[in-house]
Amino acid sequence: MLTKLGYFSRKVLKSYKVLMLLTLAGLLVVSLPRMSISIGGFLITLLAIAFQYFLAIHNKLYRIRVPLEEMGAFSNDIRFTFKQKTYNIPDNKSLAKMLCLTPLLLSMGWVAPLVYMALILLAYGPRLVGLYKVYLGKDNAADTHVQKLNNYKPEVAVYVTGLQNVAYQINQWLPVLHALPFRFVIVIREKKTFYDMRETSIPVYYARSMRELEHFRAAGIKTVLYPANTQKNVQFLRLSDLNHFFINHGESDKVVNQSKFLMAYDKLLVGGPLAKRRLEAANLPLRDDHVEFVGRPQTELLLNQVEGKAKYIKTVLYAPTWEGFVEEANYSSVTEIGFSMLQALVESGDYRVIFKPHPYTGVAKNINKHFLKEMQSYCLSKENAEYAGFDADLYSLMNESDVLISDISSVVNEYLYTLKPIVVTNFKGMESSLFESLFATVKAAYLFDGVSSVNNLLSSIYLDDQKFNVRKLVCEDSLGGTNISALQRFEVVISNSLTKDSGGVAD
C-alpha cells in the first residue's frame, strides 16, 4: 500500500496542473452535501490555486534573474546548513501538494484554511524573500554571481553530476584539490549535491543548464576534471577548446571502467599500469599519451600504511558495493548471504565490525534495499557492530580497521595502499582461477564464497598472512608506485594542461 502511495505521489502528482485540478476537486467534494459553492469558499480555493501556480513558476522567475548561482554566497533554496547539518523545509512541489488540502478544511469554517495557507506561506517565506532580492533588492544578483566568477579567474573546473547521493564523488577529491596551487571551481548540476558536500574553500557553482557552462569558459578555465562518467558530462564535453580529463571517483575491476565513453576525454588520469591494461583488454582505441599514471593522491594524503604482515585482527570493515543498473555490473553482497556473513562476524564476539555500504545501495533493486535495511537495523542493535552512514569518512574507517571485506569495488583498490589484508566476496561461486583472471586486483585478496566460515578465514589470515608480498606488488601495479608522489604527478599533469590549448599535456 505504501509503495502504491509513493508511486502516486512521485508520478501522478508530478504536475502542478494536476495539483491545481485536485484543489478545485476538493472544493467540489466539500460542496456536495450542500449542493452549492459559497463565494467565500470559492475565493479561498482560488487563492490556494493561485498560490500553487506561483510555486510552479517560481523557479522560472528565479532563473531569469540568476542564470548562474554561487552556492553558499547567496542561495534561493530554503535550506539552512549549520556545522555540516542540513535542515530541510519542503520544496515548492511539496508545498503545492499540501495546498490541495485547503478546500477540505472549509468544513471547519473560513479561518482554518486561511491559517493553513498562512503556515505554508511561512514555510515558503525564505524562498519568497530570495525572489524579492533578485528582482527588487539592492543587490543585482543577476550579475553578481557571474562577475564573482570572472573576478576569481578560475583555471580548472571539477564537474559533478549524477543521481542522488553523488557528493561522495567530489568529497574524496576535496583534500587533493585543497593541496594543489591551482584556482579550482566546482560545478554542480544538481543543487542538492551542495548540501551533502563537505566544507570547502573552493567556490561551488550551480549550473542549471548547459548554457550556463559557457560562463566558465568565458571566465578563463582551460581544464575540466570529471570524477564520474555520467551522461550529462557531454554537455561540458561539447566545449572542444577545453581540456577534458577523467579522474574517476575510484578505480576498480568493474565493467563500467571499460566503457567506450571514456574515449571522449582528452586524457584518462588513472592509478597505474593495471588500469591501462584493463582498458586495453576491453579493446578500447586508446590514443598516444591518452592515459596518464597519477596514482590516487587521496590515498597518500589520508591513509596509513602498515610495515608488515597482520599481527592481529580486531576491527573488520565490511564495505560492500551497490548492485549496479544492469546484472553485468552487479557485484553487491548486500544480500541474504552477505547478511549471514555479517551476523557470523558479529555473533563470534571476536571483532568490532563496521558496516559501510555504498551510497547507491538499493537504488536499482528492492532486494538489496531490503537487506540494506535489515543489516543497518542489525548493526544498530549490537554493541560490537557499527553502521557507518553515507556521510561517514571512508578513509578514516580504513585507518581504523585491520582488515577489509568488500566486493569487486574501488574500495579494494584504495585499501591496497594500507597493505592490510583484504577479503573479496565471490558470492556468484566462480572458480578462483577464473575469478582472478576476470578481476586482476583480487590476486591481492583472499576470496570468500559465502559458504565456508568467514571467521575461520580471518583466523587463518591472522595466523599466516600469505598475501602480504602480493599486496605490495598489486598495490604498485594498481596505484603506480614511483619515487614521485601521486600528488606531485597529478599536479604536473594539471599544470601542463594549463599551458597547452586542447588535448592535454605538454612535453
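**Helix packing and internal spaces**

User: How do α2 and α3 run against each other, roughly parallel or roughly antiparallel?

Analyst: α2 and α3 are roughly antiparallel to each other. Keep in mind that this is a predicted model.

User: At what angle do the axes of α2 and α3 cross?

Analyst: The two axes cross at roughly 170 degrees and come within 10 Å. Angles over 145 degrees count as roughly antiparallel, so the label fits the roughly 170 degrees for this pair.

User: Which residues of α2 and α3 meet?

Analyst: On the α2 side they are Y16, L19, M20, T23, L24 and L27. In α3 the partners are G41, F42, T45, A48, I49, Q52, Y53, L55 and A56.

User: How many charged residues are in the contact of α2 with α3?

Analyst: There are no charged residues in that contact; the classes are 11 nonpolar and 4 polar.

User: And α2 with α4, how do the axes cross?

Analyst: Helix α2 (residues 16–31) and helix α4 (residues 92–99) have axes that cross at roughly 20 degrees and come within 9 Å. That angle is why α2 counts as roughly parallel to α4. The crossing of α2 past α4 is left-handed.

User: Which residues make that contact between α2 and α4?

Analyst: Y16, L19 and T23 of α2, with N92, K93, A96, K97 and L99 of α4. Sorted by class, the contact of α2 with α4 has 4 nonpolar, 2 polar and 2 charged residues.

User: Next pair. What about helix α3 and helix α5?

Analyst: The axes of α3 (residues 39–65) and α5 (residues 111–135) come within 11 Å, with a crossing of roughly 20 degrees. With that angle, α3 is roughly parallel to α5. α3 passes α5 in a left-handed crossing.

User: Which residues in α3 meet which in α5?

Analyst: From α3, the residues are I44, L47, A48, F51, F54, L55, H58, L61, Y62, I64 and R65. From α5, they are P113, L114, M117, I120, L121, Y124, R127, L128, L131, V134 and Y135. The class count for the contact of α3 with α5 is 19 nonpolar, 1 polar and 2 charged residues.

User: Changing topic. How many cavities of 30 Å³ or more are in the whole structure?

Analyst: A search finds 2 cavities of 30 Å³ or more. The largest cavity holds about 100 Å³ of space.

User: What lines the largest cavity?

Analyst: Its lining is F246, N248, E251, N257, L262, L268, V270, A275, R278 and L279. β9 (267–270) and α11 are the elements that give two or more residues to the lining. The largest share comes from α11, with 3 residues. By class, the lining of the largest cavity divides into 6 nonpolar, 2 polar and 2 charged residues.

User: And the second largest cavity, what volume does it have?

Analyst: The second largest cavity has a volume of about 40 Å³. It is lined by S252, D253, D407, I408, S409, V412, N413, T441 and V442. The classes there are 3 nonpolar, 4 polar and 2 charged.

User: Now pockets. How many residues line the second largest pocket?

Analyst: The second largest pocket is lined by 31 residues, and D253, Y331, I408, L438 and F439 lie nearest its centre. About 680 Å³ of space lies in this pocket.

User: Which helices each supply at least two residues of that lining?

Analyst: α11 (273–281), α14 (366–380) and α17 (432–438) each do so for the second largest pocket.

User: How do the residues of that lining divide, nonpolar, polar and charged?

Analyst: The lining of the second largest pocket has 13 nonpolar, 8 polar and 10 charged residues.

Definitions and conventions
Residues are numbered from 1 along each chain as its sequence is written. This is a predicted model: local features need pLDDT of at least 70, side-chain atom pairs count only at pLDDT 80 or more; totals for chains, interfaces and linings use all residues. Side-chain values use heavy atoms; hydrogens and water are left out. On a 1 Å grid over the protein atoms alone, a cavity is a set of points where a 1.4 Å probe fits but cannot get out, and a pocket is an open set with protein on both sides within 12 Å along at least five of seven lines; lining residues have an atom within 4 Å of a point. Grid points are joined across faces, edges and corners, and a volume is the space filled by probe spheres set on the points. Helices (H or I, at least four residues) and strands (E, at least two) are DSSP runs, numbered from the N terminus. Ala, Val, Leu, Ile, Met, Phe, Trp, Tyr, Cys and Pro count as nonpolar, Asp, Glu, Lys and Arg as charged, and the others, Gly among them, as polar. Axes are lines fitted to C-alpha atoms, for helices over the stretch in contact, and angles run from 0 to 180 degrees between N-to-C directions. Angles under 35 degrees count as roughly parallel, over 145 as roughly antiparallel, 65 to 115 as roughly perpendicular and the rest as oblique. A crossing is left-handed if the near helix is turned anticlockwise from the far one by less than a right angle, and right-handed if clockwise. Contact means heavy atoms within 4.5 Å.
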